[in-house]
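Hello,

Here is the structure I promised to pass on. Please open it first, then read my notes below.

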Amino acid sequence: MSLFQLNGKRALVTGGSRGIGLAAAHDLIRLGAQVTLAARNEDVLRRAADAIGARWVVADVSTPDGVASAVEAAGQVDILVSNAGGPSPAQPSAVTEAAWEQGFQTTFMSTARLAAAVLPGMRERHWGRIIAVTSLTVGRPALNLPVSNAMRAAVTNHLRTLALEVAADGVTCNTVAPGYTATERLNALHADPADAERLKARIPARRFGEPNEVGAAVAFLATKEAAYITGQEILVDGGWSI
C-alpha cells in the first residue's frame, strides 16, 4: 500500500489563493484529493486554482452566507483547511471594538461556522479532517498582534474541545501553527531588510520558513496515517518555540 494517499477525498481550503493556503492545497492535490479553493479576490483565486488544478469559489467566509457558499461549492467535504488572513497589527491598548469584532468574525467564527457545516457529513461517513492554520503566537504572543493572538488561541482551544467530542467518529481536529514564514503578510510586517535579518538571526534555523513547509504539515494531518493525531497544535517554526 502507498503511504500518504488521499485518492477519492474532497477538500475545502479557505484563504486558498496564495501563501500557506495555496501551498497546502497544492500538496493535497499531489496526494490525490480533489480540492476547492475559497477566497475573496476572483482574479487571484482563478489564477491560483488554474495553476494547481483546483476548483474555486469566491466566498467571504467571515460571513454565514460566505461559509454556506463555500461548503455548497465544495460538495462533500472530507478535509477542511480553515486558513484566515491575520488581523491588522496594533498595540494592545489601541485595539478598537470594531477591530475586535472583525477579528472575531474573520479568524474565529469562520472556523467555527465551517467546522459546524462540514462536521455532520464527516461523522456520518466516520472519516474527516478539520485543520486550522493558526500561528506560533498562540502560545508566544507578539506585542503588536493582540487580535491575532487572542482569536487564534480561541480557534486552537475550540478545535481541541471539538476533538474530544468527535474522535470516536473518526474525525480529527488539529491546528498547524506556523512560525515566521515567507508570505506577503510577513513581508509587510518586516519590510525593512535589516529588521528581517535581525529576526532571522533569532530563529534557530536562521531563516524564514517557506509556505510549502507549512503546507506539507497540513497535508500530512489530512492523511489516514495521521488518524490517531487529534486535538494537537503542530508547530512549524524552525525551532523558535524551543
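**Two backbone oddities**

H126 sits in the loop that joins α4 to β5. This is a predicted model, so please read everything below in that light. H126 is not a glycine, yet its phi is positive, at about 60°. Is H126 buried or exposed? Its relative accessible area is 52%, so H126 is exposed, as the cut-off for that class is over 50%.

F4 is another such case. Its phi is near 60°, again positive in a residue other than glycine. F4 belongs to the segment before β1. Its relative accessibility is 34%, so F4 counts as partly exposed.

**The strand after that loop**

Now to β5. Six of its six residues are buried, so the strand is mostly covered. G128, I130 and A132 point one way from β5. R129, I131 and V133 point the other way. Residues on both sides are buried.

β5 pairs with β4. The two strands run in the parallel sense, and five bridges join them. One detail to look up: V133 in β5 is the bridge partner of N83.

**The cavity**

How many cavities of 30 Å³ or more does the structure hold? It holds one. The volume of the largest cavity is about 40 Å³. Its lining is made by S82, A84, T107, T111, A132, V133, T134, R152 and V155. Three elements give two or more residues to that lining: α4, β5 and α5 (146–166). Sorted by class, the lining has four nonpolar residues, four polar ones and one charged one.

So A132 and V133 line the cavity, and they point opposite ways from β5.

T107 is worth a click. This lining residue lies in helix α4, which spans residues 97–125. T107 has 2% relative accessibility, so it counts as buried. Beyond its neighbours within four places in sequence, T107 is in contact with A84, G85, P87, M151, R152 and V155. Among these contacts, A84, R152 and V155 also line the cavity.

**The nonpolar cores**

The largest nonpolar core has 30 residues. Which of them touch the most other members? They are L6, L28, V35 and L37. Seven elements are listed as giving two or more residues to this core. They are β1 (10–14), α1 (19–30), β2 (34–39), α2 (42–52), β4 (79–83), β5 (128–133) and α8 (211–221).

Take L28 as a way in. Setting aside neighbours within four places in sequence, L28 is in contact with L6, A11, V13, A33, V35, V81, A219 and A222. Two of these contacts, L6 and V35, are also on the list of residues that touch the most other members.

There is a second, separate core of 28 residues. V71, A74, L119 and L162 are included in it.

**One residue in β2**

Last, A39. This residue lies in strand β2. Its relative accessible area is 9%, so A39 is buried; the cut-off is under 20%. Not counting residues up to four places away in sequence, A39 touches G16, S17, L45, V57, V58 and A59. A39 and G21 are 18 residues apart along the chain. Their C-alpha atoms are separated by 9.9 Å.

Over to you.

Note on methods
Residues numbered from 1 in each chain as written. Predicted model: local features only at pLDDT ≥ 70, side-chain atom pairs only at ≥ 80, totals over all residues. Heavy atoms only, no water. Core = buried A, V, L, I, M, F, W, Y, C linked by side-chain atoms within 4.5 Å. Buried < 20%, exposed > 50% of the residue type's maximum accessible area, 1.4 Å probe, protein only. Helix = DSSP H or I, 4+ residues; strand = E, 2+ residues; numbered from the N terminus. Contact = heavy atoms within 4.5 Å. 1 Å grid on protein atoms, 1.4 Å probe; cavity = no way out; pocket = protein on both sides within 12 Å on 5 of 7 lines; lining within 4 Å. Points joined across faces, edges and corners; volume = space filled by probe spheres on them. Nonpolar A, V, L, I, M, F, W, Y, C, P; charged D, E, K, R; others polar. Pairing = 2+ DSSP bridges.
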